[in-house]
Amino acid sequence: MNRRKFLRNSSLGSAGLATATVLTSCKNETDKSIDNTKEANKPIVVCTWDFKNASAKAWEVLNGDGNALDAVEQGVRIEEADVSNETVGKGGRPDRDGNVTLDACIMDKDGNCGSVVYLQNIAHPISVARRVMEETPHIILAGKGAEQFAYEQGFKKEDLLTESTRAQYKEWLKTSKYETTINIENHDTIGMLAIDGNGDIAGACTTSGMAYKVAGRVGDSPIIGAGLYVDNEVGGATATGVGEEVIRTVGSFLIVELMRQGKTPQEACEEGVKRIMKKNEGRKDFQIGFLAINKNGETGAYCVHPGFSYRKYDPTGHENVPSNSFYKNTEDHIIS
Ligand code: SD4
């Protein structure tokens, strides 16, 4: 080995050692998330909005000793199949060209993840995302490639527009006005987080995105770290609302990292929304809701405007939990 090469190797070696030392000490100093003295609340499942049937399905899987990954996949599939939910799966509202394009992602306890974006003609994007995770060396498949992969995996082609969404789209064409209206209804994108009997965490998120979006637009929901993030040592987080704002702060990853630093799920969600509002001072024309769970099964949620809630199913029961909000009513300014 010549001298230059030796120097390079040895300095890389010591840099590596130094990095390892820093990382080790960082972990010790910052990983304050796990309180081993507490008995974990498990199994448990939470999901965005009042999706009673979806959380009940996930609970059924968990209660039958199923794992968290199966629970979240089976759970969100309920909403993907429900045509009365016009923001997820079949029956989701189309883009401005009249095409229904779906986004979804899934993440497991080992940090494995899969995602599909801009997927058309397939009713269960979450299951395609799981196949991407399990059957390919990739994480994200998009558009035509994702659709072709789905057919190869045995998924069937389906018309995702319904009579209702077709009629609404025709009506929308009369003005073609695109607005990201504040959503205060109790149904929307579904993000789900579960802890199974082994204490392992998984998450899933699925949506048809913003109605009448520009063709090709992809939101936060299928972006790992934005619409969903799971770290089995710490917890998980998911988001609903205007995806562009969630992506700009890498919202779900941020919330999990805040929990790693010792914040409760509630504090972490509040901090996540406040970060977004700092970049959007005074802006009131959008909604975002964050939902989080930590390794102990404690949960929290926070949103920009009143109206967001989450479903929780754990050994103590099944409830719809209203979320506190940054604006206390739609007329209010900053409350902190
Ligand atoms: C998106 N976050 O595509 C999704 C939409 C949504 O409530 O959650 N709407 O930006």
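Met192 and Phe290 touch the most other members of the largest nonpolar core, which comprises 80 residues in this predicted model. A second, separate core holds five residues, among them Val100, Leu102, Ala123 and Leu160. In soluble globular proteins, nonpolar side chains tend to be buried together. The chain also surrounds a ligand, of whose 290 Å² of accessible area on its own the protein covers 95%.

**Chain architecture**

- The chain contains nine helices and 13 strands.
- Of its 336 residues, 52% count as buried.
- Contacts between residues at least 6 apart in sequence join residues at least 24 apart in 65% of cases.
- The exposed area of the chain is about 15200 Å², and carbon and sulfur atoms supply 49% of this area.

**Residues around the ligand**

- From the earlier part of the sequence, the residues around the ligand include Asp188, Thr189, Thr207, Gly209, Met210 and Arg217.
- The list also includes Gly219, Asp220, Ser221, Thr240, Gly241 and Gly243.
- By residue class, this shell consists of one nonpolar, eight polar and three charged residues.

**Polar contacts to the ligand**

- Thr189 places a polar side-chain atom 2.7 Å from an oxygen atom of the ligand.
- Thr240 likewise has a polar side-chain atom by a ligand oxygen atom, at 3.1 Å.
- Gly241 contributes through its backbone, with an N or O atom 2.6 Å from a nitrogen atom of the ligand.

Terms used
Residues numbered from 1 in each chain as written. Predicted model: local features only at pLDDT ≥ 70, side-chain atom pairs only at ≥ 80, totals over all residues. Heavy atoms only, no water. Near = heavy atom within 4 Å. Polar contact = N/O pair within 3.5 Å; in protein donor to acceptor, adjacent residues only side chain to side chain. Areas by Shrake-Rupley, 256 points an atom, 1.4 Å probe, with all protein chains shown as cover. Nonpolar A, V, L, I, M, F, W, Y, C, P; charged D, E, K, R; others polar. Core = buried A, V, L, I, M, F, W, Y, C linked by side-chain atoms within 4.5 Å. Buried < 20%, exposed > 50% of the residue type's maximum accessible area, 1.4 Å probe, protein only. Helix = DSSP H or I, 4+ residues; strand = E, 2+ residues; numbered from the N terminus. Contact = heavy atoms within 4.5 Å.
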